[in-house]
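I opened this entry to look at helices and at which of their residues face inward. My notes follow the structure shown here.

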Amino acid sequence: MRYNYNVRFDVVKNRRLFFTLSLIITAIGIASLLIFGLSTGVDFKAGTTIDVTAGQAIDKAKAEQLVKEAGQEVPSVTVGGERASLRFDKVLTEQEVAKIKSGFSGAYGDKVSFEENTVDTTMAKELAQKAIYSVLIASLGIIIYVAIRFEWRFGVAAILALLHDAFIVVSLFSIFRWEVNLPFLAAILTIIGYSINDTIVIFDRIRENMRFAKLKNFDDLAKLVNASVWQTMTRSINTVITVLVGAICLFIFGSESIRYFSLAIILGLFCGAYSSIFIASPLWLVMKNKSMKQGKLTPAKE
């Protein structure tokens, strides 16, 4: 057969191990979400954010003191060089914002600039709903495309794998109480795009190999899947390492405002590479094997 390839590790044989591992992680994630929920930022709950740029280094203790002197409780203060981000869990009035700005201007001079964002309760709920809808719509579009382009089993396996990736990242953010905001949502959609791309490459190789295959039993199918995974292994590893280097640089050298975005991307890259190799293809194998047992095996589409 033309798809013969040197298989260094039997992915199919160890599929139950990886399925079990993913189920355990998923169960821990569900428990964490039920118990702790998500630490949502101002983007998904009512509140005010004030980003301050001073033109000189900002001291965190001094920033907190200025907020206190303005009559507000100390918010979540993030300082990075000349920038500081003040996040309040309530919506500040114009007078309260003006008082805080006045304090910073007095302490750091006329070069201080401000960027204020306020999200009220209605807008926060709307943003949260649209965030969920966007992920669901993106997932539905992907499964429809894959089902048309390949076959429905590929679509189901791909969507389960990418939901697995997104859920693990969400779970980790819940467990470690990292803040979930709009950049985090962008990261989740990016992870979905990366995961489906990596998975499709392997599926495309499986489909190509099936053109030359004479599948009679599960062993034939398992051999084909293992060969397809290893034929694309170098490409998968090189791709994830390349993207990972960029994401890590963004995490280390990027601004504080995109720190959690970068972190989500890094985690998602690991999950995407793992699921593409160890979850998506074995899932397709299990579903395809059932159709073989039922005598419904059909040749792959051209």
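I looked up the buried residues of α3 (buried meaning under 20% relative accessible area and exposed over 50%, with partly exposed in between, for a 1.4 Å probe and protein chains only) and found Val-97, Ile-100, Phe-104 and Tyr-108. They lie on the same side of α3 because they cover an arc of only 65 degrees around the axis, the arc being that of the directions from the helix axis to the C-beta atoms. I noted the general rule that an α-helix has 3.6 residues a turn, so residues three or four places apart point the same way.

This is a predicted model, in which local features need pLDDT of at least 70 and side-chain atom pairs count only at pLDDT 80 or more, while totals for chains, interfaces and linings use all residues. Residues are numbered from 1 along each chain as its sequence is written, and side-chain values use heavy atoms, with hydrogens and water left out.

Helices (H or I, at least four residues) and strands (E, at least two) are DSSP runs, numbered from the N terminus. On the other side of α3 I found Glu-94, Gln-95 and Gly-106 exposed, whereas its buried residues pack against β2 (47-53), α2 (60-69), β4 (83-88) and β5 (113-119), contact meaning heavy atoms within 4.5 Å. Just after α3, Gly-109 has a positive phi of about 95 degrees.

I then turned to α8, where Met-233, Ser-236, Val-240, Leu-244 and Ala-247 are buried. These residues share the same side of α8, because their arc around the axis is only 75 degrees. The face turned away from that buried side carries the exposed Thr-234, Thr-242 and Phe-253.
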